[in-house]
Structures are given as C-alpha cells and as structure tokens.
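Please examine the sequence and the structure shown here before reading on.

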Amino acid sequence: MGRYLCDSYIALVVVSLFLIGHEGLELIVASGWLLSTWGILAYSRQHGSQIWRPFLLGLLSQLPGMVAALVSLWFLEAGHPNELANGVLELWVNPFMPFLELLPAVRIGQWSAVYIAACFLPIALFVANIGAYYLCRPSVEICMKLVKSGPE
Amino acid sequence: MQSRTLEFLHVVSKEIMRGHLNGTFQGRPTRADFSELKPGDILLCHNHNGGYGYWTHAVLYLGDNRILDANDFVKGTEIRRVEEYRNYDEVEVLRADISEDTRKYIVQCALEDKDKPYDLFGGLNDQRSEYCSKLVWQVYSRQGILLCPPHVWVVPDDLSKSARLSQIAHWTSDAEIGS
C-alpha cells in the first residue's frame with residue numbers, strides 16, 4: 001500500500017503530461033486514481049491496517065506538493081516569488097487542474113483562486129485519503145446491506 | 001503529438017536543471033518606444049538563458065498602454081502597463097495585417113481572458129486557462145486567424161515564425177535594430 005500511494009501519484013503526474021489537450025481523459029484518469037486509492041485504503045483497513053500507516057504514507061505521498069506549496073507561499077510573503085517552487089507546485093497539481101479550473105476565474109486579493117486551491121490540494125488529497133480509510137468500508141457495507149435487503 | 005511533448009519536455013527539463021526557464025534579465029532595459037503600437041499587436045520578449053526557445057515571453061497589446069499577460073501561476077492572466085516590457089534584453093513587435101474592426105474584436109475577446117488561471121500544461125483547446133503564447137494564439141484563432149499550427153504547446157518562437165505576422169519594431173538593450 002505504501003509503495004502504491006507514493007509511486008502511483010508520481011505516475012499520475014507523468015501520465016497527465018501526456019494527456020495535455022485531452023481534458024476529458026485527464027478527468028477520468030484522475031478520478032480513477034482517486035477511486036482506486038480509496039479502494040485500497042478501505043481494503044487495508046478491512047485487513048487490519050492501523051491508522052498510523054495510511055496516515056504516514058498518505059502524508060509522505062503528498063509531501064513534495066506540500067513542500068512546494070509552503071515554499072511558494074513563503075517566498076511570496078517575502079516579496080520574492082520563487083519560479084522553481086511555483087513550477088514544481090504546478091506540475092504536482094497538474095493531474096487535478098481540470099478540477100481546479102472549474103473554480104471561478106477570479107482573483108482573491110492579488111492571487112488567483114486556482115493558485116490558492118492548488119496550494120491546498122496536497123493537503124486536501126491527504127485528508128480525503130484518511131477520510132476514505134474511515135468511511136469507505138462502512139459505506140460499502142451499507143450499500144451491500146441495502147442491495148441484499150432489496151424490495152420486499 | 002507525443003513526440004513533440006517528449007521533445008519539449010526534454011528541452012525544458014534539461015534547461016531547468018541549469019536553472020533556466022523564463023530566462024534572466026541582464027539588467028539593461030531596452031529603449032523601446034511603444035507609442036506606435038496598435039491594439040492587437042504582439043510583443044515578443046527575450047531574456048538570456050530561456051528554457052524553451054529564443055523568445056521567452058509573448059503578450060498582447062490592448063491599447064491605452066495596457067498589455068494582457070498570462071505569465072504568472074500566482075496571479076493568473078492580468079493587465080499590466082506596457083512600459084514594464086522595456087525590462088527585457090530584447091523586445092520585438094509583431095503585427096497582423098487585419099482591419100481595425102478585427103483589432104477591436106481581438107481586444108474585446110482578449111479581455112474575456114482576464115483573471116483566467118495560468119496553466120503551462122493546458123492544451124490549446126482548453127479555454128479555462130492560459131499561458132503567454134497560448135493566450136495570443138487563442139485570441140487570434142477565435143477571429144479565424146491561425147497564427148501557427150495548433151501543436152500541443154505553442155511557444156513564443158512559434159509566433160515569431162508566423163507568416164501572418166510582420167515585424168514592426170525590434171529593440172535590444174543596446175539600440176533599436178530597425179522598424
């Protein structure tokens with residue numbers, strides 16, 4: 001699971017570069033990654049995985065994006081925008097840019113809404129993965145019960 | 001498409017390893033005179049050590065000393081003062097042979113792109129985000145003017161080779177080359 005979490009997101013970023021110009025496919029691939037990740041997390045919980053493991057691995061898998069976001073924001077606050085940090089952040093969130101671009105094209109203060117969302121995306125993915133660890137299995141069980149009970 | 005993507009990524013990643021991307025301004029502004037610019041004119045800007053070609057930036061002149069610029073992931077597409085574009089090592093002005101009405105429509109169309117997010121990895125058919133040369137290309141293509149073939153990426157060098165554009169002026173940090 002750890003290897004999957006860390007390597008699969010990097011693979012997703014690389015694949016997204018070759019899907020430039022195919023926003024529909026990008027959406028499908030990114031959504032597929034999310035669903036498969038959540039499925040694996042739910043499966044790991046069902047098989048006795050402790051919370052610390054997905055917590056730590058989820059954090060590690062999004063660490064590059066979190067660091068890039070922090071560095072980007074830090075340099076902005078210092079008044080010297082860092083091109084490298086911005087570039088790494090942009091690359092890191094590229095698989096989910098079709099989602100981020102659904103946000104209104106506005107600026108909040110001096111910053112683009114998409115940039116602000118991009119800074120939070122690594123954290124959001126981490127939190128979503130932890131949420132999936134807790135929620136996916138009960139959700140699947142509820143659905144299975146509903147299906148089995150069926151119309152009387 | 002994939003071969004151009006690979007080639008482009010190879011060039012950019014190689015240059016990034018050397019710290020080159022948008023180039024580095026050498027510190028001596030050009031003596032560019034922007035008084036003769038017309039709305040719809042395209043400015044190409046060059047700084048040394050760019051990572052994706054000779055020309056490192058492309059912007060669109062809107063008139064009234066305003067430029068529409070899609071260069072910043074933090075700020076998105078924004079309007080800036082034309083005087084700021086003296087701070088490049090080299091600046092060139094390109095102009096399309098179009099009517100005044102078309103120029104007006106180009107500017108109106110371009111203003112709709114203000115505040116759109118910057119995305120260097122957005123395809124040409126993605127209308128929700130911009131980068132510098134894509135903005136220029138899209139604005140003209142909406143008027144039916146194809147400045148260059150629609151590759152996966154359009155870079156400023158592609159615009160400089162466009163048969164639809166003529167060079168109007170060219171300044172370096174040493175002197176005006178010609179008009």
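The questions and answers below concern this predicted model.

Q: How many helices and strands does the secondary structure of chain B come to?
A: Along the sequence, chain B follows the pattern α-β-β-β-β-β-β-β-α-α-α-β-β. In total, the secondary structure of chain B comes to four helices and nine strands.

Q: What percentage of contacts in chain B between residues at least 6 apart in sequence join residues at least 24 apart?
A: Chain B has 179 residues, of which buried residues make up 55%. Among its contacts between residues at least 6 apart in sequence, the share that joins residues at least 24 apart is 64%.

Q: Which residue in the turn between β5(B) and β6(B) has a positive phi?
A: Strand β5 (residues 66-70) and strand β6 (residues 77-81) of chain B run antiparallel and are joined by five bridges. B:Ala70 in this pairing stands opposite B:Thr77 of β6(B). The two strands form a hairpin with six residues between them, and the turn residue with a positive phi, about 75°, is B:Gly76.

Q: Which residue of strand β6 forms a salt bridge with B:Glu78, and is that partner buried or partly exposed?
A: B:Glu78 is itself buried, because its relative accessible area is 10%, under the 20% limit. Its salt bridge with B:Arg80 has the closest N and O atoms 3.9 Å apart. At 27% relative accessibility, the partner B:Arg80 counts as partly exposed.

Q: Which residue forms a salt bridge with B:Glu83?
A: B:Glu83 counts as partly exposed at 31% relative accessibility. The partner also counts as partly exposed, at 43% relative accessibility. The closest N and O atoms of the pair are 3.6 Å apart, and the partner is B:Arg81.

Q: Why are B:Arg103 and B:Glu100 separated by about one helical turn, and which of them counts as buried?
A: The two residues lie three residues apart in helix α2 (residues 100-111) of chain B, so about one helical turn separates them. Their side chains meet in a salt bridge at 3.8 Å, N to O. B:Glu100 counts as exposed at 51% relative accessibility, whereas the residue that counts as buried, at 3%, is B:Arg103.

Q: How many salt bridges does the structure hold over all chains, and how many are counted between chain B and chain A?
A: A:Arg107 forms a salt bridge with B:Glu78, with the closest N and O atoms 3.6 Å apart. The structure holds twelve salt bridges over all chains, and the count between chain B and chain A is one.

Q: Which helix gives the largest share of the side of chain B that touches chain A?
A: The contact takes 27 residues from chain B and 25 residues from chain A. Five residue pairs are in polar contact between the two chains, both residues being at pLDDT 80 or more. The largest share of the side of chain B that touches chain A is four residues, and these come from helix α1 (residues 2-17) of chain B.

Q: Which three residues supply more than any other three of the area that chain B buries against chain A?
A: The area buried between chain B and chain A is about 2400 Å², and carbon and sulfur atoms give 63% of this area. Of the area that chain B buries against chain A, 34% is supplied by B:Phe73, B:Val74 and B:Phe121.

Q: How many of the ten residues in helix α3 of chain B are buried?
A: Helix α3 (residues 132-141) of chain B is mostly covered. Its buried residues include B:Cys132, B:Lys134, B:Trp137 and B:Tyr140. Of the ten residues in this helix, the number buried is nine.

Q: Which cysteine has the sulfur closest to that of B:Cys132, and why is there no bond?
A: B:Cys132 is buried, with a relative accessible area of 7%. A disulfide requires sulfur atoms within 2.5 Å, and the structure holds zero disulfides over all chains. At 8.9 Å the closest cysteine sulfur is too far for a bond, and it belongs to B:Cys45.

Notes: Residues are numbered from 1 along each chain as its sequence is written. Chains are lettered from A and ligands numbered from 1 in the order in which they are written. This is a predicted model: local features need pLDDT of at least 70, side-chain atom pairs count only at pLDDT 80 or more; totals for chains, interfaces and linings use all residues. Side-chain values use heavy atoms; hydrogens and water are left out. Two strands pair if DSSP finds at least two bridges between them. Buried means under 20% relative accessible area, exposed over 50%, partly exposed in between (1.4 Å probe, protein chains only). A salt bridge is a side-chain nitrogen of Lys or Arg within 4 Å of a carboxyl oxygen of Asp or Glu. Contact means heavy atoms within 4.5 Å. Buried area is the accessible area (1.4 Å probe) that two parts lose on being put together, summed over both. A polar contact is a pair of N or O atoms within 3.5 Å; within protein, one must be able to donate a hydrogen and the other to accept it, and residues adjacent in sequence count only if both atoms are side-chain atoms.
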